[in-house]
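Trainee: I'm new to this structure and would love a close look at a single part of it. Could you pick one helix and walk me through it, with a glance at a few other spots afterwards?

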Amino acid sequence: MSIAVTSHITPCRFYGEGAWRASSAEAASDVFDPSTGEIIGRVPHLTAAEVDATVRAAHEAFRSWRNVSPFVRARYLFKYRELLDRHRDDIARGITREHGKTLEDARGSVQRGIEVVEFACGIPTLLMGETLEQVSGGVDCYSVRQPLGVCVGITPFNFPVMVPLWMLPLAIACGNTFVLKPSDKVPHTAQRLVELLYEAGLPPSVVSLVHGGPAQVEALIDHPLVRAVSIVGSTAAASSVYARAAARGKRVQALGGAKNHMVALPDADVERTVDSIIGSAFGSAGQRCMAGSVLIAVGDAADRLLPRLVARAGAMRVDAGTCEGVEMGPMITADQRRRAESYIDIGVGEGAVLALDGRRNAPRSGGFFLGATILDHVKPGMRVARDEIFGPVLSIVRVDTLDDALALIAQSPMGNAAVIFTRDAGSIRTFVREADAGMIGVNVGVPVPVAVFPFSGWKQSFFGDLHAHGKDGVRFYTASKIVTSRVSR
Ligand code: NAD
């Protein structure tokens with residue numbers, strides 16, 4: 001629900017019907033600088049008429065954009081890539097300002113987004129179909145991939161640049177037009193992404209930007225001119241969008257929440273494993289769908305890793321993302337921090353041992369800070385082992401064997417990522433084959449696939465068939481048409 005809170009800040013603009021516009025909506029929500037708690041912006045929650053007009057204009061733009069040669073469409077993306085590269089530092093600062101993550105993390109996420117644009121620049125090759133000559137006397141058969149029409153993308157707060165770029169470069173490269181609905185917590189970075197597209201010379205309304213929350217998402221899904229829906233968000237949002245869009249016959253890819261497991265075997269290299277676990281569990285204050293939030297320690301691995309882990313995590317510098325040497329920034333909102341803190345109490349109440357309390361290691365400013373927290377002796381049934389906390393809280397579950405670890409991963413309703421730390425080739429092979437998750441890391445804490453591969457969550461971390469980016473992205477944003485052709489002399 002959106003509430004009008006702040007009247008002295010001008011709400012951000014949206015892009016619809018070929019121009020930047022001020023919304024006439026009364027409903028709006030505030031945007032915070034999470035490192036100070038200050039209000040830095042205000043997002044209008046667009047009226048139904050504004051959403052409708054934006055989609056209609058995107059549909060109109062599609063009629064000509066679909067006829068633009070893939071080579072020319074790629075040239076816009078080459079220009080866009082250059083602009084993103086030129087402005088990468090400003091964009092990263094914008095992310096840090098409204099999201100809070102460290103500048104280093106923000107820069108890394110911009111780079112990951114740029115890589116999808118680079119992948120989409122290869123669209124003439126990626127779109128090529130297949131041909132089979134002489135399937136019958138004088139008859140040839142071939143396939144082409146055609147764009148769908150207006151596609152929409154609904155994105156979360158935690159990757160304000162990278163996640164929109166998982167979607168829009170490929171959507172428009174394939175010849176679709178695209179309407180982005182970013183998280184209302186990070187609207188300014190999304191606005192910058194769209195501004196740069198038009199600096200690159202993109203024809204009007206090929207990409208549009210609308211603001212709001214669930215009501216605006218529902219209006220987009222229900223719009224008869226919208227053909228495909230991509231969402232990245234919590235499992236609750238992803239599953240509801242999936243059901244609503246599928247019921248209306250739309251193509252949909254819905255990426256949901258996560259509870260990722262990291263398995264450490266007793267032979268794992270202590271220094272490297274601890275470094276990877278720290279980056280995975282506490283990077284971006286644990287607000288990543290690829291965060292490792294449960295460490296399953298096999299045999300005596302916990303005793304070997306824990307002293308170093310607690311020392312490293314306890315010494316992490318937690319501060320505003322722009323500070324020199326900072327390793328962890330704030331959480332996105334006061335509510336999210338409260339929620340993560342409540343899980344520390346829940347874990348202790350359920351019998352876990354608090355090996356490191358991040359509430360003692362956070363700056364006492366107005367920002368939404370929580371330090372790295374480690375709960376040891378967590379049991380599989382506990383809520384801290386099951387629920388997505390989406391904060392810097394690591395749970396350690398101790399088990400006897402790799403098979404026990406694989407069984408725990410299989411029991412999890414989520415299936416984004418699973419990671420193993422070991423030097424044993426046989427265990428690695430077993431893990432890669434058996435772990436019940438879609439993205440696997442071997443001695444790598446955050447196994448995010450590079451742009452040419454799809455982002456392949458499983459179970460309740462993904463609803464749909466074709467994943468984001470990679471060749472799946474091209475298939476998602478196109479329909480294949482098969483031509484059987486008899487041409488006689
Ligand atoms: P969120 O679900 O609150 O919001 C995501 C987007 O969906 C926003 O644009 C929001 O306005 C919209 N939305 C929210 N509820 C909705 C509803 N009921 N109906 C329609 N639209 C709705 O998520 P968030 O807090 O912004 O982001 C964090 C979540 O996203 C975490 O659960 C995280 O794991 C997940 N995430 C997943 C991936 C992935 O690749 N699987 C990547 C990044 C984040």
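Mentor: Gly175 is a good place to start: this residue follows helix H6, and its phi is positive, near 105°. Keep in mind as we go that the model is a predicted one.

Now step back into the helix itself. H6 covers residues 162–173, which makes 12 residues. From its first C-alpha to its last, H6 reaches 17 Å, close to the 16 Å expected at 1.5 Å a residue.

How much of H6 is covered? The helix is mostly covered, with 12 of its 12 residues buried. Reading along H6, the buried residues start with Met162, Val163, Pro164 and Leu165, go on through Trp166, Met167, Leu168 and Pro169, and end with Leu170, Ala171, Ile172 and Ala173.

For another helix, look at H15, residues 425–434, where you will find Ser427. Ser427 has a relative accessible area of 13%, so this residue counts as buried, the cut-off being under 20%. Leaving aside residues up to four places away in sequence, Ser427 touches Leu265, Leu402, Ile420 and Thr422.

Finally, turn to the surface. Val452 sits in the loop between strand S19 (439–442) and strand S20 (458–459). With a relative accessible area of 47%, Val452 is partly exposed. Together with Val450 and Phe453, Val452 forms a nonpolar patch on the surface, and the three have about 270 Å² of accessible area together.

Technical notes:
Residues are numbered from 1 along each chain as its sequence is written. This is a predicted model: local features need pLDDT of at least 70, side-chain atom pairs count only at pLDDT 80 or more; totals for chains, interfaces and linings use all residues. Side-chain values use heavy atoms; hydrogens and water are left out. Patches are made of residues with over 30% relative accessible area and no salt bridge: like charges are joined within 9 Å, nonpolar side chains (Val, Leu, Ile, Met, Phe, Trp, Tyr) within 5 Å. Accessible areas come from the Shrake-Rupley method with a 1.4 Å probe; for residues, only the protein chains shown count as cover. A salt bridge is a side-chain nitrogen of Lys or Arg within 4 Å of a carboxyl oxygen of Asp or Glu. Helices (H or I, at least four residues) and strands (E, at least two) are DSSP runs, numbered from the N terminus. Buried means under 20% relative accessible area, exposed over 50%, partly exposed in between (1.4 Å probe, protein chains only). The expected span of a helix is 1.5 Å times one less than its number of residues. Contact means heavy atoms within 4.5 Å.
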